[in-house]
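Trainee: Please take one close look at the salt bridges here. Keep the answer connected.

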Amino acid sequence: MFSFTKEQEILEISGTKIGGQPGVYPTVLFGGMFFKGEPDCETAEKYLNNMLDLSKRTGNPAIPDFFIRKEEYIEEITNFIERVLPENQPFSIDVTDPQVKVRILECLHEKNFLSRTIYNSIHVGITDEEREALTKYTPEMAIIVAFNPKDKSPDGKIEVLENGAHLTDIGLLDISKNLGIKKILIDTAALAPGDNTGAAIAAIPVIKEEYGLPTGCAIHNVVEKSKWLNDFESARKTVDASSNVNISLFGGDFAIFGPIGNADIVFPTVAWQDILISEYTENYFGISPDEHHPRRKLF
Amino acid sequence: MNNKIKTCVIGSYPVLTDAMELMNGYFNGKEIPWDKYIQYAVSDMVNAGLDIVSDGQTRDPFIQIFTRKLKGCRIRARTEIIGKVEYNAPITIKDQKYARSLIPDDKELTGVLTGPYTLSKSCIDLYYNDEKDLAFDFAHALKQEAKVLQKHVDMISIDEPFFSNEIPDYGKELIEIITKDISCPTRLHACGNVSDIISELLEMPVDILSHEFKASPQIFDAFKDYTFPQKICLGVVRSDDTRVESVEEIMDHTKKGMRIFGEKIVQLAPDCGQKLLPRDVAFQKLKNLVKVGEKING
């Protein structure tokens, strides 16, 4: 049970709040869509509606996280966003290819979506073209992935935020601010099993205490890559979903929880953890949960 | 050492890191090996024709190479000292062994240690509140590295740029901790204009002194008043200027050095580490430096 001494930023995107002291706002849950590449919009719509319904029932905000692997998928996915997503629903775009990143930013600007967009992500691999595009078409919010190939400890993650670990000209925080991005989330970069995995969780309170920025991670990535879990296949989904409670338990603000199909388990699991955190932070620190917090659903 | 003047580097060499490749490694859960960057640096040095090469110090700036691996240090915006500084495990050995595997048998390899005084002055001390104690603990930790390093390299060079600002009264002791009983030749590199501290530098227990004679030619005059046991590594091309010095210019500079130092000159090198130069410029400077070495050695 803890509270941060550093003042915590509470960021808002299209009505969804993220950040703050533990126990105030519920954990924001990012559900991944189109992992496999080619968009299957019919199935995606069902999963999306289910996730949005779970969000309403639990109180945990949902963010659809759209994987866009190729330029040719951009049109179909942005049409999907336009057609299916509720008008004020924020979403994130999860792109690794720098060229696709540039193109999707242009497209989001053309469709007037940037005020609802969480850009996933800025990291040490940022290119000059990407910087140019982000300056021109600045999304409302961006996630910085604090992956430091030189040092995977919590301090290494701070190093990359501060100075890019000398892989970029300046630190990732300054890069993002210089691009005009005002709302920044920190992803603590969960690593492969056995590769300092716990550091992604340990880094959450360290980074929140250092910067007061909303922080979280994609701990699902670790579970997904675990070979050890091959011996316990029936437990994999449970382990996957329950791993996310570490994020809120350590004061984190968001979980990028993997495929949207896992939402049925993830939402109630994380909501339950948020309720427990809210109870003890209110009892001990006098912190009241937000009116949409899952604990309000119990009253 | 024989009478041949050997061409060499001070330590660092520029390489362009592919950060996107490192990120793709993260996204795909695969560790991207660093070896290729060492290979770029070493192959450039070998192809330039140097007699003594380094591993290029490609991984990190010269402070972080050491503080990243020593106990008591943590790196955030800068290195912070949060506990007693102690040796944990070999720091540069893996890269040196790899560099050795890349070079022909007739080439030599230098190990490079960032000096204890420079390390102590470059960190934010949150633990000792005593600069001297911190510097001595760095020296003892570096000694451990030197003891391992001597088995894998032909020379150990200690890089102490902060000596050009001031040499503390315990500066000699710091260097002595590292060089005592080390079996391979040792070199102390102090860059900047060291004219005012020559007498203190000459007290240093090392085999070779290395300075920026090209950028600070007044150092030549400062040495004239002294006799000393150390040999000289002559800086002959600038490391802070992208202009590539011609062979003739380097030759003139070298001959000036030979007139003053005679056979004490055993190495020709860039003034300092080349990390901040564009790679093609750094390479061309080394090539011209080597041409001068070849002419002088006949």
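**Salt bridges, up close**

Mentor: Start with overall size: chain A has a radius of gyration of 18 Å, which agrees with the value near 19 Å for a compact globule of 299 residues. That radius is over C-alpha atoms, and the rule is 2.2 Å times the number of residues to the power 0.38. This is a predicted model: local features need pLDDT of at least 70 and side-chain atom pairs 80 or more, while totals for chains, interfaces and linings use all residues. Residues count from 1 along each chain as written, chains are lettered from A and ligands numbered from 1 in written order, and side-chain values use heavy atoms, without hydrogens and water.

Now the bridges. Over all chains, the structure holds 33 salt bridges (Lys or Arg side-chain nitrogen within 4 Å of an Asp or Glu carboxyl oxygen). Take B:Lys6 and B:Glu108, bridged at 2.6 Å, N to O. B:Lys6 sits in strand β1 of chain B and B:Glu108 in strand β5, 102 residues apart (strands are DSSP E runs of at least two residues, helices H or I runs of at least four). B:Lys6 is buried at 16% relative accessibility; B:Glu108 is partly exposed at 23% (buried is under 20%, exposed over 50%, partly exposed in between, 1.4 Å probe, protein chains only).

Next, B:Glu203 meets B:Lys172 at 4.0 Å, N to O. B:Glu203 lies in the loop between α8 and β9 of chain B and B:Lys172 in helix α7, so the pair ties parts 31 residues apart in sequence. B:Glu203 is partly exposed at 47%. B:Lys172 is partly exposed too, at 36%.

B:Lys224 and B:Asp221 bridge at 3.0 Å, N to O. B:Lys224 is exposed at 52%, and B:Asp221 partly exposed at 44%. Finally, a salt-bridge network links A:Lys150, A:Asp151, A:Glu159, B:Asp60 and B:Arg68.
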